[in-house]
Amino acid sequence: TVRVKPIAKFPSVRRDIAFIIDENISVNALETLMKNTASPYLQETELFDQYIEKNIPKGKRSLAFSLAYQKETGTFTDQEITALQDRIGQALKSQYRVEFR
């Protein structure tokens with residue numbers, strides 16, 4: 001069965017988020033938390049960088065994600081995106097005690 005999704009009428013907005021976190025926390029758990037926090041607007045999360053070397057404390061890793069937001073009713077304003085990013089940041093701090101880079 002082929003499923004077709006209509007092309008979005010409004011553009012998506014991409015923002016990055018980077019932080020240091022315990023190395024035993026799964027990327028899947030982080031993506032789930034971010035999507036649940038910014039639902040229904042966060043459409044995609046993509047891990048694009050992982051660093052575990054110099055300047056990162058032992059037992060930690062640095063991760064960077066690209067986040068794609070989109071809504072069906074219009075284009076996001078900078079204030080709306082900033083609010084969503086802040087909401088995700090607070091959830092990550094609260095749940096996993098991340099340190100932002």
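Q: In this predicted model, are F19 and F65 buried or exposed?
A: The model is predicted, and its accessibility values are computed from it. A residue counts as buried under 20% relative accessible area and as exposed over 50%. By that criterion, F19 and F65 are both buried.

Q: Which parts of the chain does the pair of F19 and F65 link?
A: F19 and F65 form an aromatic pair. The two residues are 46 residues apart, and the pair links distant parts of the chain. F19 belongs to strand β1 and F65 to strand β3.

Q: What is the geometry of the aromatic pair formed by F19 and F65?
A: A pair of aromatic rings is described by the distance of the centres and the angle of the planes. For F19 and F65 the centres are 5.9 Å apart, with 20 degrees between the planes. Planes under 30 degrees apart count as stacked, so the pair of F19 and F65 is stacked.

Q: Which residue forms one aromatic cluster with F19 and F65?
A: The model has four aromatic pairs, and one of them joins F19 and F65. The cluster that contains these two residues also includes F100.

Q: What is the arrangement of the rings of Y69 and F76?
A: Y69 and F76 are both buried. Their ring centres are 6.4 Å apart, and their planes stand at 70 degrees. An angle over 60 degrees counts as edge-to-face, so the pair of Y69 and F76 is edge-to-face.

Q: Which residue lies over the face of F76?
A: The residue concerned also forms a salt bridge with E80, the closest N and O atoms being 3.0 Å apart. At 14% relative accessibility it counts as buried, whereas E80 is partly exposed at 31%. Lying 4.9 Å from the ring centre of F76, this residue is K71.

Q: Why does the salt bridge of R15 and D78 tie together parts that are apart in sequence?
A: Side chains of opposite charge can pair when their charged atoms come close. In the salt bridge of R15 and D78, the closest N and O atoms are 3.5 Å apart. R15 lies in strand β1 (residues 13–22) and D78 in helix α2 (residues 78–96), so the parts they tie together are separated in sequence by 63 residues.

Q: Is D78 buried or exposed?
A: Its salt-bridge partner R15 has a relative accessible area of 31% and is partly exposed. For D78 the relative accessible area is 56%. Because exposed means over 50%, D78 is exposed.

Q: Which strand holds K60, the salt-bridge partner of D22?
A: The side chains of D22 and K60 meet at 2.9 Å, N to O. D22 lies in strand β1 and is partly exposed, with a relative accessible area of 29%. K60 is 38 residues away, in strand β3.

Q: With which side chain does the side chain of S62 make a polar contact?
A: S62 lies in strand β3 and counts as buried at 1% relative accessibility. Among the residues it touches are F19, I20, D49 and Y51. The polar contact of its side chain, at 2.8 Å, is with the side chain of R101.

Q: How many Å apart in space are Y96 and I21, C-alpha to C-alpha?
A: Y96 is found in helix α2. The residues that Y96 touches include I21, I25, A29 and L33. Although Y96 and I21 are 75 residues apart in sequence, their C-alpha separation is 7.3 Å.

Note on methods:
Residues numbered from 1 in each chain as written. Predicted model: local features only at pLDDT ≥ 70, side-chain atom pairs only at ≥ 80, totals over all residues. Heavy atoms only, no water. Salt bridge = Lys/Arg side-chain N within 4 Å of Asp/Glu carboxyl O. Helix = DSSP H or I, 4+ residues; strand = E, 2+ residues; numbered from the N terminus. Buried < 20%, exposed > 50% of the residue type's maximum accessible area, 1.4 Å probe, protein only. Phe/Tyr/Trp six-rings, centres within 6.5 Å; stacked < 30°, edge-to-face > 60°. Lys NZ or Arg CZ within 6 Å of the ring centre and 35° of its normal. Polar contact = N/O pair within 3.5 Å; in protein donor to acceptor, adjacent residues only side chain to side chain. Contact = heavy atoms within 4.5 Å. Lists of a residue's contacts leave out its neighbours within four places in sequence.
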